[in-house]
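User: Hi! Could you walk me through this protein with a few questions and answers?

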Amino acid sequence: MLLTVSTTARPATDLGYLLFKHPDRAQSFAIASGTAHVFYPQADESVCTAALLLEVDPITLAKSRPGSSYVDDRPYASGSLMAVAIGSVFRTAMNGRCDARPELADTAIPLEVHLPAVAHEGNADLAERLFTPLGWQVETTPVPLDPVFPAWGDSRFLDLRLTGQLRLADALRHLYVLLPVLDDTKHYWVGEDEVAKLVRAGGDWLPGHPERDLVSRRYLAHQRGYVRDALTQLSELDGTLPEEQAPTHRPLAAQRAEAVVAALHEVGARRVLDLGCGGGALLEQLVADPAFTEILGTDVSASALDAAERRLAKLPDRARSRVSLRHSSLTYTDPGLAGFDAAVLMEVVEHVDPPRLPALERVVFGVARPGHVVVTTPNVEYNPLLGQAASRHPDHRFEWTRAQFQEWAGAVAARTGYTVRFGPVGPVDPDLGPATQLAVFSKEEA
């Protein structure tokens with residue numbers, strides 16, 4: 001299997017710095033499936049091409065799995081094999097590091113990626129559906145079973161050529177995830193760690209991809225539990241819900257965040273808790289607003305906090321100094337959450353099992369006890385207009401009607417010494433109400 005990456009950015013030989021592989025040397029690397037060779041067919045100031053040639057050894061591949069024999073019932077999953085080779089040989093580049101020339105790693109450069117034989121399982125336009133939304137121009141040519149006998153038809157392989165202006169790290173991550181997706185099979189057993197790999201490699205681009213669900217299903221070998229976990233984590237990264245589409249050109253997630261920020265301004269909050277911050281989408285907006293002088297994001301998910309850290313790391317130092325992250329559960333006492341002007345639970349309460357809601361109430365309204373609490377949650381009555389027959393998200397433990405939400409919020413306010421008011425978020429149907437419900441709790445004066 002062969003992969004080439006070319007650039008015309010001048011000087012084009014800077015590609016060697018990005019890949020951590022010198023253009024003047026051919027190198028070989030032992031990997032689990034055989035040997036990966038890296039060399040440069042062309043390397044000058046105007047054009048530089050790096051090639052990754054994967055030489056698969058079936059015996060080495062079989063012996064790499066404990067307890068296996070030389071007889072292997074696994075399919076020859078070329079996309080999966082090439083993805084593992086990319087992750088092994090170009091790992092530093094894929095992580096966006098370039099020690100010798102740090103500015104190069106953050107620069108989008110003209111790239112051409114060519115794979116003369118890519119395993120492809122699905123509709124003819126699948127490669128375009130996967131790569132075009134990421135900024136690539138896609139050119140595919142079917143590979144015939146035998147060019148001497150064209151009547152035999154085409155094989156399941158494509159000649160794939162991608163061109164675009166992207167960061168090299170992003171390009172490698174796209175290939176790492178999407179080559180096995182095109183193939184729709186893997187050469188190794190898929191376990192829990194594959195969810196983390198998908199979120200790590202796709203966290204910056206997959207949450208908003210129109211084929212996010214398909215990518216997750218295929219990458220995780222159609223194992224429903226893992227797919228559900230991945231979609232939950234990916235949706236947390238950008239504050240959207242799987243397949244959630246409001247009847248408006250503006251995403252409901254954006255309208256939700258704007259409503260929360262407006263509520264915080266209205267109550268005059270300056271020190272803000274984002275409880276269940278996920279991948280940091282709201283944190284990023286709060287940091288962009290100088291009215292908020294101290295911001296703390298918490299989440300029970302370590303992978304979500306890692307994603308938030310990566311998102312916040314891109315901010316200028318001065319802005320980054322105003323926000324911090326904390327591993328914390330909404331159902332266990334954490335004194336470090338006390339003393340803030342306001343707390344936000346944006347699309348969080350519906351992820352808590354109903355028997356645990358009293359614990360959340362105690363932690364937020366009793367221990368943390370901020371001056372104000374802003375809560376948003378889906379309005380289940382609106383779901384038919386979103387094409388949802390039931391829950392909007394596989395991890396939702398429940399979704400409230402307007403009456404149920406107001407009953408819960410009113411009872412919490414009465415028990416804890418807060419007042420509460422309600423408002424709509426997003427489009428409002430005259431019969432079914434708003435897409436999202438909002439409540440603003442304010443602590444009563446002593």
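User: Which residues does F131 touch, not counting residues up to four places away in sequence?

Analyst: Happy to help! This is a predicted model, where local features need pLDDT of at least 70, side-chain atom pairs count only at pLDDT 80 or more, and totals for chains, interfaces and linings use all residues. Residues are numbered from 1 along each chain as its sequence is written, and side-chain values use heavy atoms, with hydrogens and water left out. Taking contact as heavy atoms within 4.5 Å, F131 touches W136, V138, L160, L162, H174, L175, L178 and L182.

User: Which helix gives the most to the largest nonpolar core?

Analyst: A nonpolar core is a set of buried Ala, Val, Leu, Ile, Met, Phe, Trp, Tyr and Cys residues joined through side-chain atoms within 4.5 Å. Buried means under 20% relative accessible area, exposed over 50%, and partly exposed in between, with a 1.4 Å probe and protein chains only. The largest such core has 66 residues, and L52, F131 and W136 have the most contacts inside it. Giving the most to this core, with ten residues, is helix 7 (residues 168–183).

User: Thanks! How many residues does the other core have?

Analyst: This core lies apart from the largest one. Among its members are L273, F340, L345 and W400, and its count is 29 residues.

User: Which residue stands opposite V374 of strand 12?

Analyst: Helices (H or I, at least four residues) and strands (E, at least two) are DSSP runs, numbered from the N terminus, and two strands pair if DSSP finds at least two bridges between them. Strand 11 (residues 342–346) and strand 12 (residues 372–378) pair in the parallel sense over five bridges. Strand 8 (residues 271–275) is also parallel to strand 11, joined by three bridges, with D274 partnered by V344. Opposite V374 stands that residue of strand 11, V344.

User: Which residues of strand 11 point the other way from A342, V344 and M346?

Analyst: In a regular strand the side chains alternate between the two faces of the sheet. In strand 11, five of five residues are buried. A342, V344 and M346 point one way, and the other way point A343 and L345.

User: Is V199 buried or exposed?

Analyst: V199 sits in helix 8 (residues 193–202). Its relative accessible area is 4%, so V199 is buried.

User: What distance separates the centres of domain 1 and domain 2?

Analyst: The bounds, from an automatic or database domain assignment, are 2–188 for domain 1 and 252–443 for domain 2. Taken over C-alpha atoms, their centres are separated by 41 Å.
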